[in-house]
Amino acid sequence: MQLGVDTVPVLVGPVSYLLLSKPAKGVEKTFSLLSLLDKILPVYKEVISELKAAGASWIQLDEPTLVMDLDSHKLKAFTEAYSELESTLSGLNVLVETYFADIPAEAFKTLTSLKGVTAYGLDLVRGTKTLDLVKAEFPKGKYLFAGVVDGRNIWANDLSSSLSTLESLESRADKLVVSTSCSLLHTAVDLVNETKLDDEIKSWLAFAAQKVVEVNALAKALAGKNFLTKISFPCPLIQFAAELICLNIFPFPQAAGLKGSEHRRATNVSARLDAQQKKLNLPILPTTTIGSFPQTVELRRVRREYKAKKISEEEYIKAIKEEIKKVVELQEELDIDVLVHGEPERNDMVEYFGEQLSGFAFTVNGWVQSYGSRCVKPPIIYGDVSRPKPMTVYWSSAAQSMTSRPMKGMLTGPVTILNWSFVRNDQPRFETCYQIALAIKDEVEDLEKAGINVIQIDEAALREGLPLRKSEQAFYLEWAVHSFRITNIGVQDTTQIHTHMCYSNFNDIIHSIIDMDADVITIENSRSDEKLLSVFREGVKYGAGIGPGVYDIHSPRIPSTEEIADRINKMLAVLEKNILWVNPDCGLKTRKYPEVKPALQAMVAAAKALRTQLASAK
Ligand SMILES: Nc1nc2c(c(=O)[nH]1)N[C@@H](CNc1ccc(C(=O)N[C@@H](CCC(=O)N[C@@H](CCC(=O)N[C@@H](CCC(=O)O)C(=O)O)C(=O)O)C(=O)O)cc1)CN2
């Protein structure tokens, strides 16, 4: 404000703050987070008063939980909290912002009756039904922040359609404000930085900087009642979905036809595991890792210089092969049973595949925050997806040739590629997912042909794609799980299919995880305080191989053999010993070798100690 910029401070609203928090370790399961409302409201009052004193005239409180399935008790907490804040909020314009889905009718009623609030923010991109609620009733004299510009994707706005939406709202809301559907945190920053994107594709896109222009253009068009032709745009932003539809360069009738059908491997998982064991001959409690080994500065330099054509292909291949050899030798020295090649050739587990598949475009500077200070460049799916040629077979075969132990082929699954990309919005997501599944299926079969007997297909992002509203979850899970199964229906019983999942609370989707029908799943467990194990304690039957992570890879801390053995013992209490695998929570790419080596040493030592114990207990 000192710079003369009218500034709207944004806070997480008090109720969402509590509803999205987790109770600390050791707190009773029955503890109600909302019981803390009385404690945090005085803090909100203090902060809001200070902002007011500093000259704020608007304040935004984000309450995204209002789009979830909230019971009346939770909705009442909103009413109570804002009544309590009313006198503090008085004199300010207060925007309560919701986003990411339709707002249910009851929650809409609660929202629009909140005391002290003068403006309501609604996501009209993901919340198409919300529009009907607003049209039916909207309080007099209040602001409607209409989120018509998508904050979570990178497509240029269909301005004429947005304008007609806004026009249809004008008679309902006295004070209409044009807005993005949510914060711009989820989109890349500025198209101007993209020097290598195809011009036509570029003309379909809008990153954060362009979205702001769109919001302004719409507001001006609405105010002036001018149609859009009167507005001048800095770049050819207006390209409509119709053009994307025309882009079916490689039509894929198979993908569209997969919906509603059932694909799964013919033999059941226990028979498959027997067939695989004959071939693999693994010890009990086999050890493995999740795929990546440390991504060093040197590796990034090699990739960067190869991309910039500063080193030749031969030099690049030599450097990557040397790295793979190092990783293979380290795993043999550590006596790990099922090896990985370490993924040194990959910038990222999604971008790497995007770069090799048709229908994908990728940016040079389209960084988006992923978690903490970590960033990713999500690829852009703009057309039909297909696989022109094998993507990983060369590196996996090279790695397998360096060892007599089984080498896991390492792929990213269709649902994860979908959920971690910017996806075309002219066809249903499931259709795009099926196309990716068919491309990955080709890769799986080529790996098998090349003599790779264990293939891991990561589905780290399957859980995070789960729709927020319960009514939409079953449909998502059905096509997501189906897409995964499609990738490996073509392999022989003796080929062992692994999958890996992390970053989630899996307990509510455990039946879908089982329905993925993988031979082995490695799954985050230690970072989330072994909550996963409670589903098995509660009686869920699991017959496939399972490796709940034995240590948290997000921490530089090196676990001891004893604590890992202790964790495995807890698993043995709820899972059959012959299905249990021993592995870390996730890949090791963010760690350093001085952490990775002793941690894996402890892991293998714990597995060996327990094997001896189990053998003598017979
Ligand atoms: N897509 C995706 N989403 C995900 C995850 C994931 O692994 N992938 N995991 C979870 C989040 N975990 C993550 C863990 C690590 C990193 C990570 O290490 N990111 C790197 C960047 C990764 C990358 O693409 N690196 C490239 C490019 C890096 C590079 O060389 N940069 C140059 C400049 C590049 C250039 O402009 O030429 C530089 O820094 O000097 C590479 O390694 O090849 C980072 O933030 O630093 C990201 C997410 C959830 N979501």
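Helices here are DSSP runs of H or I at least four residues long, numbered from the N terminus. With that in hand, welcome to a predicted model.

**Stop 1: helix 12**

Select residues 297–307 to bring up helix 12, then show the side chains of glutamate 305 and arginine 301. These two residues sit four apart, about one turn of the helix, and they form a salt bridge whose closest N and O atoms are 2.7 Å apart. Are they buried or exposed? Glutamate 305 has 22% relative accessibility, so it counts as partly exposed. Arginine 301, at a relative accessible area of 30%, is partly exposed too.

**Stop 2: from helix 12 to a loop**

Now add lysine 307 and glutamate 355, which are joined by a salt bridge with 2.9 Å between the closest N and O atoms. This pair links distant parts of the chain: lysine 307 belongs to helix 12, while glutamate 355 lies 48 residues away in the loop between helix 14 (351–354) and strand 7 (358–361). Lysine 307 counts as exposed because its relative accessibility is 55%, whereas glutamate 355, at 24%, counts as partly exposed.

**Stop 3: a longer reach along the sequence**

Next, pick aspartate 515 and arginine 264. Their side chains meet in a salt bridge, at 2.8 Å from N to O. Where does each partner sit? Aspartate 515 is in helix 19 (residues 510–515), and arginine 264 is in the loop between helix 10 (253–256) and helix 11 (269–280), so that the pair connects distant parts of the chain, 251 residues apart. Aspartate 515 is partly exposed at 31% relative accessibility, and arginine 264 is partly exposed at 35%.

**Stop 4: a network**

Select Glu530, Arg557, Glu563, Arg567 and Lys570 together, and you will have a network linked by salt bridges. For the wider picture, the model's salt bridges come to 36.

**Stop 5: strands 15 and 16**

Finish with a pair of strands. Show residues 520–523, which make up strand 15, alongside strand 16; the two pair in the parallel sense over four bridges. Which residue of strand 16 is the bridge partner of isoleucine 521? It is isoleucine 546.

Now turn on the side of strand 16 (residues 545–548): Gly545 and Gly547 point one way, Ile546 and Pro548 point the other way, and all are buried. In a regular strand, side chains alternate between the two faces of the sheet.

Note on methods. Residues numbered from 1 in each chain as written. Predicted model: local features only at pLDDT ≥ 70, side-chain atom pairs only at ≥ 80, totals over all residues. Heavy atoms only, no water. Salt bridge = Lys/Arg side-chain N within 4 Å of Asp/Glu carboxyl O. Buried < 20%, exposed > 50% of the residue type's maximum accessible area, 1.4 Å probe, protein only. Pairing = 2+ DSSP bridges.
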